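Here is a walk through a structure, chain by chain and strand by strand. Keep the viewer open and follow along.

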Amino acid sequence: MPTKIWVVSALAALPLALPIAPLVAAPRAAATAAASSSEVARLEAELKEQRDILLQSMQVEQQHYDLLLKLIQNVSQGGVGKAPAAGDPGAGALLIPPMGGGAATPAPEPPARKVPEKTATVTGKVQAPAHDDVYVYVQNVHGASVRGRSVEIAQRDKQFVPSVAVVQRGTKVTFPNFDAVYHNVFSPGPPHAFDLGSYRAGEAPRAVEMTSPGVVELYCNMHSKMHASVLVVPNSLWTRVGADGSFRIDNVPVGTRKLVAWSPKSKAAEQTIEVGPSGGTASFSLGAEAEHPHNNKYGMPYGSYKE
Amino acid sequence: MRPDDLFWQRAGAATALALLLGTCAIARAAPPAPAEPEFDADGDDTGGAVPDEEEPEPTVRDLSERIADLERRLNDTEVAAARRRPVVTVSGYIDFGFFATQGDGSGVIQDVGPAQSRAFPEYANKFAWVFLGDLLSPAVNSRGEPADLGNLPGVNRADSIRSGGAPSFIVNEVNLTMQGTLGETALATASVNYLPRSGTDFSLGDTFDVDLAQLEWMPTESRRWSFFVGKMESVVGIEYRERKARDRFGITPSLIARYTTGNPLGLKVRGKLGTNDWFIVALALTNGSSTTETFHFYDEVDSNAGKTASGRLALRAPSGLLEVGASGSYGPQDHAQDSRDAMWFVGGDLQVHHRGFDLKGQYLYGRAPGEELGRTYSSEHRPYGLRLRAGAYLEANWMVLPYLGFLARGDLRDAVVWLGNPDAPGGGDRIYITKSWRATGGVRLVPNEHVAVKAEYLHNGEYGRVPSIRNDVFVTSLVLSY
């Protein structure tokens with residue numbers, strides 16, 4: 001008999017239990033949400049940490065290159081093996097052994113890394129449907145990340161102005177909003193995935209440091225027609241193609257070089273050329289590419305009325 | 001609020017808990033789950049044992065490899081963060097307001113008395129009841145609800161606010177909008193409004209309505225063509241785009257919004273053509289007209305076999321500065337059980353946008369014959385007649401500062417709406433004669449993207465033989481979006 005009562009009680013409790021279950025489950029769900037938030041926070045912290053490490057590494061690398069440059073200059077000026085002076089700012093960051101102790105010392109072995117001794121000029125031609133926004137850059141020359149350089153892309157009349165920009169790695173791009181309406185700049189990445197959130201005219205503009213080379217597509221989460229492209233180049237070896245399609249890039253280190261022609265209206269084209277002491281030439285043909293629709297920052301289509 | 005799989009987790013947890021409670025099962029035997037290993041942000045798998053000896057100086061090659069690795073990890077992290085996207089987004093708003101009206105809050109008066117003393121004696125022997133004015137002119141919110149429908153004889157209406165002229169606070173609407181993707185090219189949207197209202201005789205007066213339940217499919221690569229199915233927005237005119245409190249610059253709808261901002265059920269296609277989408281076409285086939293549900297027309301579920309075709313063609317300047325459109329609809333009368341008599345509208349619209357300034361205007365003309373002689377009509381399916389001689393508005397919105405804007409609007413509505421046939425034996429039932437104009441001034445404050453504070457003053461006026469009715473409205477609205 002008591003078993004029956006228990007069974008009946010249990011069955012009677014079931015309808016009561018169902019509506020309160022979500023309430024009981026809420027703390028668990030909240031805990032899950034908290035866990036999710038902490039996961040995001042952890043990811044953000046990790047991202048920041050990685051950025052910091054990356055920047056520090058880049059600084060160290062910059063100092064290395066400066067040092068190597070000095071060594072090369074010393075070689076060309078007959079100062080082989082001359083150690084940096086004590087007051088040389090590069091001295092504190094010396095990570096490769098000094099190459100000898102005095103002027104009489106025999107020339108040391110060249111550094112393990114191949115250092116280009118000469119540069120030359122690369123010229124060429126790009127065939128493209130329109131030459132108003134075509135750029136050519138050298139991809140496989142590692143340049144230093146620029147620091148303290150800033151470029152502005154405004155949000156005005158529900159457009160990005162300018163809609164195309166080329167910046168060197170390390171440049172900070174600022175996005176002031178001059179419209180009374182809110183905009184939300186984001187990029188789905190890669191190379192840079194970010195979401196700057198919503199702000200309007202009068203509010204402090206938000207910015208992103210472009211640390212990785214590649215094409216960064218910019219959109220507004222509220223206005224589907226807002227679009228801009230930022231080409232982040234790895235070095236200073238880039239140029240804008242002239243109206244006749246010709247281009248010229250000076251100071252390209254000799255050797256095997258990969259050149260890229262890019263336009264926001266075309267698919268990028270690559271070409272590997274041999275740059276000799278007398279220079280090199282390259283020619284590209286870019287085909288027109290229709291602009292593909294994009295999703296909003298949640299990965300959803302905008303819908304017909306979101307313009 | 002960005003619910004992702006949290007909902008399913010919660011539902012699953014709730015179900016599991018309910019079952020556990022229901023069967024009195026006690027989960028005591030289950031051993032605790034092994035703790036998940038902590039994520040090592042440094043990616044160090046040495047267990048923290050770092051040899052206490054000096055590491056050799058890294059070479060340039062080492063550093064380059066490390067940089068490359070860090071850049072790759074950074075990109076992976078960024079992409080992983082970007083991919084943390086919800087399956088469904090939930091947004092919405094709370095629209096809280098206050099209103100005060102002149103008179104009893106209603107926009108109509110009865111034309112009674114001997115024929116000679118009436119404003120419209122020609123209708124004295126044609127309709128049992130003759131009313132002058134506009135039922136919906138004293139609107140107090142973006143839904144267009146009037147402060148009071150008045151105590152009109154011969155009808156028992158759902159008077160949702162029935163303020164009786166008393167100033168009152170009101171929660172105009174609580175909205176929940178859910179959007180989810182069905183693949184890369186389809187978007188499902190549902191919008192539900194909750195309306196807290198006064199109850200009667202111990203019953204709750206709260207109601208809710210589903211104003212959107214649609215699937216939008218964009219099959220083309222450019223996504224410039226959209227096919228809709230479900231309960232969707234109208235294609236007549238332009239005011240439907242800002243019918244919701246969250247989207248409207250001001251508070252109240254125009255006097256002709258009742259004909260164009262309803263949400264019919266059916267099919268729709270909308271396409272954008274040409275460079276910079278300079279040509280826009282929208283066509284729809286729906287159960288009934290695009291009138292609002294809280295008026296004399298509108299069929300949620302159709303009462304006849306015929307369907308209403310509507311469409312809009314528009315030209316837009318490449319810069320988006322100017323858009324000019326023409327639209328209309330044609331179909332069987334709403335509420336009619338046959339498809340013999342047509343109800344139709346035709347109109348034009350204009351939009352000018354420059355920086356923080358917007359100018360919007362619309363004109364509408366329409367007809368519906370109502371009940372014809374010699375036919376029988378079910379008491380639940382009696383079509384109203386309509387003669388909309390002219391309906392128009394012109395509205396200017398100007399954001400003077402990013403957080404402060406002003407509104408000015410002029411409205412006109414010259415219409416006659418009736419029930420029953422005046423030539424039938426005994427005449428028609430009722431007729432509403434409207435010759436109204438309205439001037440509206442408003443202010444809009446936007447402290448941040450989630451809050452909008454709005455205030456409007458509506459001066460409702462009458463012209464022609466319609467006597468003046470005291471039904472001006474002062475209304476405020478606080479819209480909290482989430």
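**A walk through two chains**

In chain A, take the contacts between residues at least 6 apart in sequence: 60% of them join residues at least 24 apart. What you're looking at is a predicted model, and the predictor gives the complex an ipTM of 0.74 and a pTM of 0.74. Chain A has 307 residues, with 28% of them buried, and its secondary structure comes to one helix and 17 strands.

Let's start with a sheet in chain A. Four of the strands make an open sheet, ordered 13-2-15-16, and the pairing is antiparallel. Its edges are strand 13 (238-240) and strand 16 (269-275), each of which pairs on one side only. Going from one strand to the next, the twist averages 20 degrees. For a look at one seam, go to strand 2 (residues 135-138) of chain A, which is joined to strand 13 of chain A by three bridges, the two running antiparallel. Across that seam, Val136(A) sits opposite Thr239(A) of strand 13.

Now move along chain A to strand 8. Why is strand 8 (residues 183-188) of chain A largely enclosed by the rest of the structure? Six of its six residues are buried, so the strand ends up largely enclosed. Both faces take part: His183(A), Val185(A) and Ser187(A) point one way, Asn184(A), Phe186(A) and Pro188(A) point the other way, and all are buried. For a residue to count as buried here, 20 or more other C-beta atoms have to lie within 10 Å of its own.

Strand 8 of chain A pairs with strand 9 (residues 193-199) of chain A, antiparallel, over five bridges. In that pairing Ser187(A) faces Phe194(A) of strand 9. The two strands form a hairpin with four residues between them, and there Gly189(A) takes a positive phi near 70 degrees. Strand 8 of chain A also pairs in the antiparallel sense with strand 11 (residues 214-220) of chain A, over two bridges. The residue to find there is Val185(A), which stands opposite Cys220(A) in strand 11.

On to chain B. Its 482 residues include 38% that count as buried, and it holds three helices and 18 strands. Among its contacts with a separation of 6 or more, 60% are accounted for by residues 24 or more positions apart. As for confidence, chain B averages a pLDDT of 87, and 87% of the residues score at least 70. One stretch calls for some care: over residues 1-53 of chain B the pLDDT is below 50, and this stretch has 43 contacts in the model beyond near neighbours in sequence.

A good place to settle in chain B is the run of strands 4, 5 and 6. Strand 4 (residues 168-181) of chain B is joined to strand 5 (residues 186-195) of chain B by eight bridges, and the pair runs antiparallel. Look for Gln179(B), which is opposite Thr189(B) in strand 5. This is a hairpin too, with four residues between the strands, and Gly183(B) takes a positive phi near 85 degrees. Strand 5 of chain B then pairs antiparallel with strand 6 (residues 207-217) of chain B over ten bridges, and there Asn193(B) has Asp209(B) as its bridge partner.

Back in strand 4 of chain B, pick out Asn172(B). Is Asn172(B) buried or exposed? With 26 C-beta neighbours inside 10 Å, Asn172(B) counts as buried. Leaving aside residues up to four places away in sequence, Asn172(B) touches Asp95(B), Gly97(B), Asn141(B), Ser142(B), Arg143(B), Ala245(B) and Ser477(B). From Asn172(B) to Asn193(B) is 21 residues in sequence and 9.5 Å in space, C-alpha to C-alpha.

Finally, the nonpolar interior. In soluble globular proteins, nonpolar side chains tend to be buried together. Here the largest nonpolar core has 49 residues, and the ones touching the most other members are Val140(B), Ile256(B), Tyr384(B), Leu386(B), Ile431(B), Tyr432(B) and Val473(B). Apart from that core lies another, of 43 residues, including Ala165(A), Ala228(A), Val232(A) and Val233(A).

Terms used. Residues are numbered from 1 along each chain as its sequence is written. Chains are lettered from A and ligands numbered from 1 in the order in which they are written. This is a predicted model: local features need pLDDT of at least 70, side-chain atom pairs count only at pLDDT 80 or more; totals for chains, interfaces and linings use all residues. Two strands pair if DSSP finds at least two bridges between them. Axes are lines fitted to C-alpha atoms, for helices over the stretch in contact, and angles run from 0 to 180 degrees between N-to-C directions. A residue is buried if 20 or more other C-beta atoms lie within 10 Å of its own, exposed if 12 or fewer, and partly exposed in between; C-beta atoms are placed from the backbone. Two residues are in contact if their C-beta atoms, placed from the backbone, lie within 7 Å. A nonpolar core is a set of buried Ala, Val, Leu, Ile, Met, Phe, Trp, Tyr and Cys residues joined through C-beta atoms within 7 Å. pLDDT is the predictor's confidence in each residue, from 0 to 100.
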